[in-house]
Number of protein chains: 2
Amino acid sequence: MAQATFQEISASDFFYRNRDIAGFTNPSRAIFAAIRELVENSLDAAESLKIPPDIYVRLSFEGEASRDTQIYKLRVEDNGCGIQPRFIPSAFGQVLYGSKYKLKQMRGTFGLGGKMAVLYGQIMTHQPAYVTSSTGSAKIYSFKLMIDIQRNRPLILDRKVLINKEQWRGTIVEFTIEGDYLRARSKILDYFKQTAMVNPYANLTFVDPKGRLYKFNRGTINMPEPPKETDPHPYGVDVELLQRLIHITPHKNMQEFLKNHFHRVGDITAQKFQVFSGLTTASCKKHGKLAYQDINWSRGPNCSRCGEVLTLSAYKNPKKLSHQEIVKLMQHLKKFKEFLPPDASCLSPLGEELLKAGIIKELNPEYLVVKQRKPSTYAGHPFIIELGIAYGGDIPKKGSFIIYRFANKIPLLYDEASDVSYRVINAMNWRRYKVSPDMPIAIVVHICSTKVPYKTVGKEFIADRPEVRKEVANALREVSRQLQHFLSKREHVDREKRRLSVFAKYLPRIAEFSTTLAGKEKQPDIQKLIKSVQKYDTEKK
Amino acid sequence: MAQATFQEISASDFFYRNRDIAGFTNPSRAIFAAIRELVENSLDAAESLKIPPDIYVRLSFEGEASRDTQIYKLRVEDNGCGIQPRFIPSAFGQVLYGSKYKLKQMRGTFGLGGKMAVLYGQIMTHQPAYVTSSTGSAKIYSFKLMIDIQRNRPLILDRKVLINKEQWRGTIVEFTIEGDYLRARSKILDYFKQTAMVNPYANLTFVDPKGRLYKFNRGTINMPEPPKETDPHPYGVDVELLQRLIHITPHKNMQEFLKNHFHRVGDITAQKFQVFSGLTTASCKKHGKLAYQDINWSRGPNCSRCGEVLTLSAYKNPKKLSHQEIVKLMQHLKKFKEFLPPDASCLSPLGEELLKAGIIKELNPEYLVVKQRKPSTYAGHPFIIELGIAYGGDIPKKGSFIIYRFANKIPLLYDEASDVSYRVINAMNWRRYKVSPDMPIAIVVHICSTKVPYKTVGKEFIADRPEVRKEVANALREVSRQLQHFLSKREHVDREKRRLSVFAKYLPRIAEFSTTLAGKEKQPDIQKLIKSVQKYDTEKK
């Protein structure tokens, strides 16, 4: 460990040496990862301004590299918010450029994605990346850059300023990459299809190396509310976070500190918490200092014995807390049971209508039920599970369920068997719902969160966290019950149809024979008879 | 994306915010991760000097934290190589302190482990870490430190120098951590058991919070050769690596550059490659410039037509290669088929004897076969698979095989279902070997490599790389064939025993009756008869 060969390495150097863990495992996975990272940045950029995204992706063949790999130029253009020129070099040429202490539901989570794509292209082809962007101002800025991987700094090779005649707003990223497109092709097309499925307000265009155009037109211009920034929830804090908040806070007392830096903490909650944790004491004129359990809270602290309004001792100054007090504060923040659960207003789920529309467009099922669960949390982060189960129609029978996984409206296409959703689906007692894997069934699971619990930096699959597992399992049970009901009704309908067809087959003969036997001329009206034995209308769905 | 809330974050900040991906997912996993990272550093430290490791781990209870978690002090002491004082602060207080361009088989791979443990302890308890170390010199150095997470710098709170009277050499790390030991306990004990199994030359001692002592004594003082540093293999290069090598090389010509910076490239290979890639041209006095295929190589280039020794044009200076030429160089390095495959001399596998001994000690099987595969490579990194299959003895029947996974002599205890070994074992056609999962079978898989293809920074499981999968599958088939042979022989032996027991049961009666019938007194000797029908000796194993 301690040898003279020690040296500090930069973050970009770390991810260069360990690019596997960022998803750049092999030439085919790398092409996929590069495209997805840039498309996701573009979707986030457009949504931040509530603009329906228009994204153009072009992968053009540049030459052979080795037996299995080729050189491609990748160009991604969007109509998003654009990037201010002073941020462009670092946004693409510096790893770990991130956001401050607020949390927000975004597709790109690690401050890494786009840069990893540029870095990978650079180490394989040694070509610079070109980034052109405008925020809609009078100017368009165009940079030619590379990453100084050892120092984690962008190298600006050229910089141009153009007049923005048409007031364009957006970003164009173009760079060269080596990869195995042939092997990646089907996953890339799946990626576009599924991204279109859960972002039906986006126009996606993909031109592949053979010049084939794949166009996914938007089905609606209705966009969901963009995700809002939110403050950390008390249950998710640690000492480091508290110290940073204390360091930056302009507030000089704990009451304002708690109200302004934590999620859903109002006046009463802040006061309650301070009494609970001993940061302040409540006194009654008659009964003196009161314990937490002897206080009634209704528009403020009241004595539970005499109803008098209590006075609270002076609020402490957060900046004056000792280390010990900060540790205790953290422990109390986790213990206090009266914080409101995280509110999903910061989240931007699909919504049942949109999810339905997307699944219907893609799979054209015979039957579909979707469910949006109420918000839940893990480690202080809010999340929502939305799940749909679809039967029949264009869904093939595959011997096992077809699973679609999404997180923050991006499709997850690898490592299905490691994903929490797969595990829940496999652990489910399907026989109880009279559902079996040879039926033509697709299950669609979407999780949105301010911090998606990915297991890996490469965002391949969701970790098996108990809170998430529980929500997925509950959602799955709800929709499965409805599917069971549908299937059972359908079975009855089928049985009834078969029964009626037996009648319809033999009654006419019986009528005929009876008529002859009775020596009559006219046959009785069998339609009336058939109708009378019909249990219910089999044509109704 | 481009909003005023952008800022650069340090590597430690990144891993602080994303500690899940480094294995510090929840309070029980965190305790496990902290212990394993420090134990693995200690094992590496002792092995680097080929010293049998003595490692003492003590986890002591300090107080309650929340309903499910407690505060513990973790102390790990070893007799390894120690750390020089000028490196101690960064070794524990700075994330991404790594090694230069050489590759070596080590347990700690990311330059992260120990620091993540210290970081996690710090953010939960705000207590400093104490590191005491000596390389066996006259002095012992003791530091009290914390990590400035935002700046990724160590904060030295105190520093002591002590006289090293007993010439002690080693390292002691002590810090406070919050976690859920109760839940982690069984995994931690498994960790020690399995670490002892594959490092039988190590003494491991663990004292748990209740004061219980777990001692794993070494079974041998024979240690394998420590892993050696090695140069990168041509098949694994990229442009960035080439640029760095070119930058640091003291050599002014390509011949020396290739020979000295790449794995197993000697004079002839270097010359061959240069002609192949056009870096140099070979000329025959008679036939002029020759193409690669017209050259015979035996102690140097010879004309294939006339046998003349060829002259090579002047070697280029690596520092004078253009960017284009560097890219071409990389492509040729990957195309050239005559580089020798990576040599495993840099690797330190367990060896079949050691693996057997470890499995016998732990599982006491009735039958055991182990196999060490020849070295293989993935992405230019050499690796070796060692696999054992054990039957019966103390191995319980569990309805599925018990799988033990190891990488660079450390046990992998989580996410079994995502691991490549699990997938290979599941995909195996066991019926063909007449082996079924309800048999009492354990499979032990060990991979050692200069770069273990972990899927995650938390080193939970091995990625499903085709080269690795292939090696594991082949090893599994080899040992399964032998197991099948054993089981089938055992079945024959059992059948024979049953058959003999039938004879042994009835022959005496028949003898008795026959004797009476024949009117004789003395019964014939049936033992001789039994022996004559015995097909083979059933007592032999």
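Which residue is the bridge partner of Ile147(B) in β7(B)? In the predicted model described here, that partner is Pro154(B). The pair belongs to a set of 10 bridges that join strand β6 of chain B, residues 139–148, to β7(B). These two strands run antiparallel.

Strands β6(B) and β7(B) form part of a wider arrangement, an open sheet of eight strands in chain B. The order across this sheet is β7-β6-β5-β8-β3-β2-β9-β10, and the pairing is mixed. At the edges stand β7 (153–163) and β10 (213–216) of chain B, each of which pairs on one side only. From one strand to the next, the twist averages 15°. As a general rule, the side chains of a regular strand alternate between the two faces of the sheet.

The mixed character of the pairing can be followed at strand β2(B). On one side, eight bridges connect β2(B) with β3(B), and the two strands run antiparallel. Within this pairing, Tyr56(B) has Glu77(B) of β3(B) as its bridge partner. Strands β2(B) and β3(B) also form a hairpin, with five residues between them. Strand β2(B) is joined to β9(B) as well, here by five bridges, and this pair runs parallel. In this second pairing, Arg58(B) stands opposite Val207(B) of β9(B).

A helix accompanies this part of the sheet. Helix α2(B) lies across four strands of chain B, namely β2, β3 (70–78), β8 (169–179) and β9 (203–207). Relative to β8(B), the helix runs at about 175°.

The loop between α2 (27–47) and β2 (54–64) of chain B contains Lys50(B). The phi angle of Lys50(B) is near 55°, a positive value in a residue other than glycine. Lys50(B) counts as partly exposed because its relative accessibility is 39%. A positive phi, of about 50°, is also found at Lys459(B), which is not a glycine either. Lys459(B) is placed in the loop between β21 (441–449) and α12 of chain B. With a relative accessibility of 3%, however, Lys459(B) counts as buried.

Another loop of chain B, between β10 and α6 (239–248), holds Ile221(B). This isoleucine, Ile221(B), is exposed, with a relative accessible area of 65%. Although Ile221(B) and Pro52(B) are 169 residues apart in sequence, their C-alpha atoms are 6.3 Å apart in space.

Helix α12 of chain B comprises 53 residues, 466–518. At 1.5 Å a residue, a helix with this number of residues should span 78 Å; the C-alpha atoms at the ends of α12(B) are 75 Å apart, which agrees with that expectation. A kink of about 30° is nevertheless present in α12(B) at Tyr506(B), shortly before the proline Pro508(B). Just after α12(B), Gly519(B) adopts a positive phi of about 70°.

The relation between the two chains was examined by superposition. Chain A is superposed on chain B by a rotation of 180° with 0.0 Å of shift along its axis, giving an RMSD of 0.2 Å. The two copies are therefore related as by a two-fold rotation axis. The same surface serves both copies, since 100% of the contact residues of chain A recur in chain B.

Technical notes
Residues are numbered from 1 along each chain as its sequence is written. Chains are lettered from A and ligands numbered from 1 in the order in which they are written. This is a predicted model: local features need pLDDT of at least 70, side-chain atom pairs count only at pLDDT 80 or more; totals for chains, interfaces and linings use all residues. Side-chain values use heavy atoms; hydrogens and water are left out. Copies are superposed by least squares on the C-alpha atoms of residues with pLDDT of at least 70 in both. Contact means heavy atoms within 4.5 Å. The expected span of a helix is 1.5 Å times one less than its number of residues. The bend at a residue is the angle between axes fitted to the seven residues ending there and the seven starting there. Buried means under 20% relative accessible area, exposed over 50%, partly exposed in between (1.4 Å probe, protein chains only). Two strands pair if DSSP finds at least two bridges between them. Axes are lines fitted to C-alpha atoms, for helices over the stretch in contact, and angles run from 0 to 180 degrees between N-to-C directions.
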